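Here are my notes on the model you sent over. Have it open next to the text, since the points jump between the two chains.

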Amino acid sequence: MTNLLASDLDHILDRTHDLWNEIGGQRIFITGGTGFFGCWLLESLIAAGDRWHLGTSAVVLTRSPEAFRDREPRLAAHPGIQLLAGDVRTFAFPGGEFQYVVHAATEASVKQAVEAPLEMFTTIVEGTRRVLEFAHQHGARKFLLTSSGAVYGRQPSEITHLAEEYAGGPNPADPTSVYGEGKRSAELLCALYAKLYGIECKIARCFAFVGPHLPLDSHFAIGNFIGDAMRGGPVRVNGDGTPRRSYLYAADLAIWLWTILFQGENCRPYNVGSERDVDIAELANQVVRTLNPGLRVEIAREPVPGRLPERYVPSTKRAQAELGLRENIDLSEAIARTARWHKQRAISGSV
Amino acid sequence: MSTSVIDALQNDCAGSAGADIRDLLPLRGAHILITGGTGFVGTWVAQMVAYLNDCHQFGIKLTLLSPHASEFSSRAPHLACRADVRLFDGDVRNLADLPQESEWVIHAAGSPDSRIHFSNPVRTMETIVSGTQAVLNAASRLTPLQRILSLSSGLVYGPQRWEDAPLSEKVFSGFDCANPAGLYAESKRAAEMVAAAYRSQFGLPVLSARLFAFIGPFQLLDRPWAINNFLRDALRGGPIRVQGNGETVRSYMYGSDLAYWLLRLLVSGKIGAAYNVGSPVGISLKDLAVKIAECFPRRPSIDLNTLPAAGIPRTQWLPDITMARTDCDLRVQTNLDQAITRTVAWHTRQ
């Protein structure tokens, strides 16, 4: 079996080789291990373990081990990975010591936010509480929370890149704020556990990403555009194409998350994402140029003249300056690699 | 409590409600439940209900739910003994059901006392967030339910800088949520979020009120807020000790105004909205101390800088109350001078 991500994993290991020594022989507990973030964390953890014989293993909490085995048989079968069935709010604590806990369970589905906001909110808040309690009881030293840029609320149009010092928040009276508000509560819980029990809590405020494992049929514009292009177009833009977004490639994301877990400062949030923003119309055109220049881009609506663009773009100066993190892979390369992975995966089954 | 003290409280309520109480008519004959009902807010709402029942024959039945129900008898014996006020011992964190006849619910549980918060912060957050969830969950099973008013805090906006305009509900500011100091404010944000989720997902008729700072009878003077401490110091004969240089600006709404506003919002506020409740008239703590001192025949002295405030930026905390005025025609009826005079008189006669 060839790993379709081999070159991406080399890219990650080349830039993280100094980090892994401290987890030699350790067990890591990972929630949300079967999602986009989780797959990349597990892929890179296994790759590092195999290359440097770290003897590290991961216990991965998932609601459905069967679904994970079906989708990721190679990961699920790896001897360094043990699947634990359970809900993040109620799971039974596995025995033994876990010095490292990664809480990457993210319910970022727009559908759930609209249809079942209460469940989304309680899953994030009670889930984080339960995982922190587990971490505390099982000897965790370092804890990573994958938070979100949604904690800042709506980015003011006049701020091009949002920094961690920006003290905004979403509107808590608006039911569509559940994701961002839930992540705010999750961060607060981390801060409380860090203070009460001395767990080093590392907070990654994640923005938008692209890469293998990203679903092409979800609510992520970039995934949909790549999906449209792979099906032969046209590439459809809902809306007027003016919102500005940026995308960090998944392999870079993995480097950033591991670095923050191992070397980030306790309770000091780091924005994680790309500073190279494009508007959505330009993104669609970039997907077309990269994958199939003959395709048509259809934009649903004309922009309103003079209106400032909506933005969701981080400043990542803190991560760059304090942790030496970089964006290594540019957008067109990221799009090309994502499409190639999906194509090869379709051919080779699910491996 | 003497008759004159009780009469004064009734007069306060009459002044806050005004001559025209038609807007409160939907509450006639109604069952109102207040969670956390024996604190400052609940006591004042009970006082307002007593006024409406005694002077306008409203016939409201009020239930005060609280884990400290027994303390209420000493705080407000004239209310505790009333036939239309019922005390109900219960904690919102392990709440099975609310009294089945409850039609209007004010969720006021959750102490704003920061000394309690930090003694057990995770539990504090749980009480506020899960407590709200438990109350809304139980309320959603009430057959006669009309509306729920969930009490939040003006702290949800985060610190108001000196150059900022009064805090409007349309401003979605915040603060660093990865800082334990934000415990209470973030928990209140989360509780508002839970309310919004219940409204959106289950159609629960819930709205929120964001409370600022208050003054009045029933306020406990051992609480860690400037106005409580100033009154305590003054009643002891002084000096009134002001931490810092006294330039911090706050505003204070009187208890009976608060009670009237809450009942009005409960009846006519927009479902899903969050209304600021407080006084928009700011006063520096230094001037507040002077005003309190002036109420006493033997004026207590004022000590500034009892705790150093070096390097602490000057702050203010003032609500914009346009939304309550626009939607419900609410106004501040009791000005600060009246509020202070009445509060001092109440404490002196206690």
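1. Is A:H53 buried or exposed? Exposed: A:H53 has 9 other C-beta atoms within 10 Å, and the cut-off for exposed is 12 or fewer. Bear in mind that this is a predicted model. A:H53 sits in the loop between α2 and β2 of chain A, and its phi is positive, about 45°, although the residue is not a glycine. Most residues other than glycine have a negative phi, hence the flag.

2. Chain B has a positive phi to look at as well. B:F218 is not a glycine either, and its phi is near 80°. The residue lies in the loop between β7 (214–215) and α8 of chain B. Here the surroundings are crowded enough for the buried class: B:F218 counts as buried because 21 other C-beta atoms lie within 10 Å, where 20 or more are needed.

3. Next, the cis peptides. In chain A, the bond between A:G233 and A:P234 is cis, with omega about -5°. A:P234 belongs to the loop between α8 (221–230) and β8 (235–237) of chain A. In chain B, B:G238 and B:P239 are joined by a cis peptide bond, again with omega about -5°. B:P239 is placed in the loop between α8 (226–235) and β8 (240–241) of chain B. As background, most peptide bonds are trans.

4. Now the sheet of chain A. It is an open sheet of 7 strands in the order β3-β2-β1-β4-β5-β6-β11, with parallel pairing. Which strands stand at the edges? They are β3 and β11 (270–272) of chain A; each has a single partner strand, so one side of each lacks a neighbour in the sheet. Direction ignored, neighbouring strands are turned by 20° against each other on average.

5. If you want to check the register in chain A, start at β1 (residues 27–31), which pairs with β2 (residues 57–62) in the parallel sense over 5 bridges. A:I28 stands opposite A:A58 in β2(A). Between these two strands the chain passes through helix α2 (residues 36–52) of chain A, giving a right-handed β-α-β crossover. On to the next pair: β2(A) and β3 (residues 81–85) of chain A run parallel and are joined by 5 bridges, with A:A58 opposite A:I81 in β3(A).

6. Further along that sheet, 4 bridges link the parallel strands β4 (residues 100–103) and β5 (residues 142–148) of chain A. A:V101 has A:F143 in β5(A) as its bridge partner. Helix α6(A) packs on the sheet and touches β1, β4 and β5 of chain A, with its direction at about 175° to that of β4(A).

7. For chain B, the sheet is open, has 7 strands and follows the order β3-β2-β1-β4-β5-β6-β11, with parallel pairing. Its edge strands are β3 (85–89) and β11 (274–277) of chain B, each pairing on one side only. The twist averages 20° from one strand to the next. Strands β4 (residues 104–107) and β5 (residues 147–153) of chain B run parallel, joined by 4 bridges, and B:I106 stands opposite B:L149 in β5(B). Helix α7 (residues 183–202) of chain B lies across β5, β6 (206–211) and β11 of chain B, at about 160° to β5(B).

8. Chain B as a whole: there are 12 helices and 13 strands. Its radius of gyration is 19 Å, close to the 20 Å the globule rule gives for 350 residues, so chain B is as compact as a globular protein of that length. Buried residues account for 49% of those 350 residues. Of the contacts in chain B between residues at least 6 apart in sequence, 84% join residues at least 24 apart.

9. Last, the interface. How many residues does each chain give to the contact? Chain A gives 31 residues and chain B 32 residues. On the chain A side, the elements giving two or more residues are α6 (117–137) and α7 (178–197), and the largest share, 10 residues, comes from α7(A). By class, that side of chain A has 19 nonpolar, 6 polar and 6 charged residues.

Methods. Residues are numbered from 1 along each chain as its sequence is written. Chains are lettered from A and ligands numbered from 1 in the order in which they are written. This is a predicted model: local features need pLDDT of at least 70, side-chain atom pairs count only at pLDDT 80 or more; totals for chains, interfaces and linings use all residues. Two residues are in contact if their C-beta atoms, placed from the backbone, lie within 7 Å. Ala, Val, Leu, Ile, Met, Phe, Trp, Tyr, Cys and Pro count as nonpolar, Asp, Glu, Lys and Arg as charged, and the others, Gly among them, as polar. Two strands pair if DSSP finds at least two bridges between them. A crossover is right-handed if, with the strands pointing away from the viewer, the path from the first strand over the helix to the second runs clockwise. The radius of gyration is taken over C-alpha atoms; the globule rule is 2.2 Å times the number of residues to the power 0.38. Axes are lines fitted to C-alpha atoms, for helices over the stretch in contact, and angles run from 0 to 180 degrees between N-to-C directions.
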